[in-house]
Amino acid sequence: MNIDKIKKEVSKLQNEKLKIKVIMRRNKYEYYEGKIKTLHSNIFTIETNKGIKSFTYSDIATKTVVLSKI
């Protein structure tokens, strides 16, 4: 999946409540719930219950970050 397609898919999720799974290292995961706050050319930010987190579109391409609707 290329970055342009990922940007379009992420922009479609902008006003949705999301479940975010972040793969950290060796069987370590972090889970968040929140909404996409801003979209930029290289990153996007998500407002979660633990603060604002930023991710790159390549994080989704490498499957380090998984977004799903609640």
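**Close-up views of the predicted model**

**Figure 1. The pairing of strands E1 and E2.** Ile 20 faces Tyr 32, which belongs to E2. The structure shown here and in the views that follow is a predicted model. Strands E1 and E2 run antiparallel and are held in register by seven bridges. Two residues separate the strands of this hairpin, and Asn 27 adopts a positive phi near 60°.

**Figure 2. The surroundings of Ile 20.** Leaving aside residues up to four places away in sequence, Ile 20 is in contact with Glu 30, Tyr 31, Tyr 32, Glu 33, Gly 34, Ile 46, Phe 55, Val 65, Val 66 and Leu 67. Ile 20 is also one of the residues with the most contacts inside the largest nonpolar core.

**Figure 3. The largest nonpolar core.** This core comprises 15 residues, and Val 10, Ile 20, Phe 44 and Leu 67 have the most contacts inside it. Two or more core residues come from each of helix H1 (3-12), strand E1 (18-25), strand E2 (28-39), E3, helix H2 (57-61) and strand E5 (65-69). Strand E1 supplies the largest share, namely three residues. In the protein as a whole, buried residues account for 26% of the 70 residues.

**Figure 4. The pairing of strands E1 and E5.** Strand E1 is joined to E5 by five bridges, and the two strands are antiparallel. One such bridge connects Leu 18 with Lys 69, its partner in E5.

**Figure 5. Two tyrosine rings and a lysine.** How many aromatic pairs are counted under the distance rule for ring centres? The count is three. One of them joins Tyr 29 and Tyr 31 in a tilted arrangement, with 6.4 Å from centre to centre and 40° between the planes. Tyr 29 has a relative accessible area of 40% and is therefore partly exposed, since that class lies between the limits of 20% and 50%. Tyr 31, at 45% relative accessibility, is likewise classed as partly exposed. Lys 21 is placed over the face of the Tyr 29 ring, 4.5 Å from the ring centre.

**Figure 6. Two phenylalanine rings and their neighbour.** Phe 44 and Phe 55 make a tilted aromatic pair whose centres are 6.0 Å apart and whose planes meet at 45°. The pair connects distant parts of the chain, with Phe 44 in strand E3 (residues 43-48) and Phe 55 in strand E4 (residues 51-56), 11 residues apart. Are these two rings buried or exposed? Phe 44 has 0% relative accessibility and so counts as buried. Phe 55 is buried too, at a relative accessible area of 8%. Through ring pairs, Phe 44, Phe 55 and Tyr 57 are linked into a cluster.

**Figure 7. The hairpin of strands E3 and E4.** Strands E3 and E4 make up a hairpin in which two residues lie between them. The strands are antiparallel and are connected by six bridges. Within this pairing, Glu 47 is found opposite Ile 52 of E4.

**Figure 8. The complete chain, for orientation.** The protein contains two helices and five strands. Read from the N terminus, the order of these elements is α-β-β-β-β-α-β. The radius of gyration is 11 Å, close to the 11 Å given by the globule rule for 70 residues, so the protein is as compact as a globular protein of that length. A box of roughly 30 × 25 × 20 Å, taken along the principal axes, is filled by the C-alpha atoms. Among contacts with a separation of 6 or more, 36% are between residues 24 or more positions apart.

Conventions:
Residues are numbered from 1 along each chain as its sequence is written. This is a predicted model: local features need pLDDT of at least 70, side-chain atom pairs count only at pLDDT 80 or more; totals for chains, interfaces and linings use all residues. Side-chain values use heavy atoms; hydrogens and water are left out. Rings of Phe, Tyr and Trp (its six-membered ring) pair if their centres lie within 6.5 Å; planes under 30 degrees apart count as stacked, over 60 as edge-to-face and the rest as tilted. Buried means under 20% relative accessible area, exposed over 50%, partly exposed in between (1.4 Å probe, protein chains only). Helices (H or I, at least four residues) and strands (E, at least two) are DSSP runs, numbered from the N terminus. A charge sits over a ring if NZ of Lys or CZ of Arg is within 6 Å of the ring centre and within 35 degrees of the ring normal. Two strands pair if DSSP finds at least two bridges between them. A nonpolar core is a set of buried Ala, Val, Leu, Ile, Met, Phe, Trp, Tyr and Cys residues joined through side-chain atoms within 4.5 Å. Contact means heavy atoms within 4.5 Å. The radius of gyration is taken over C-alpha atoms; the globule rule is 2.2 Å times the number of residues to the power 0.38.
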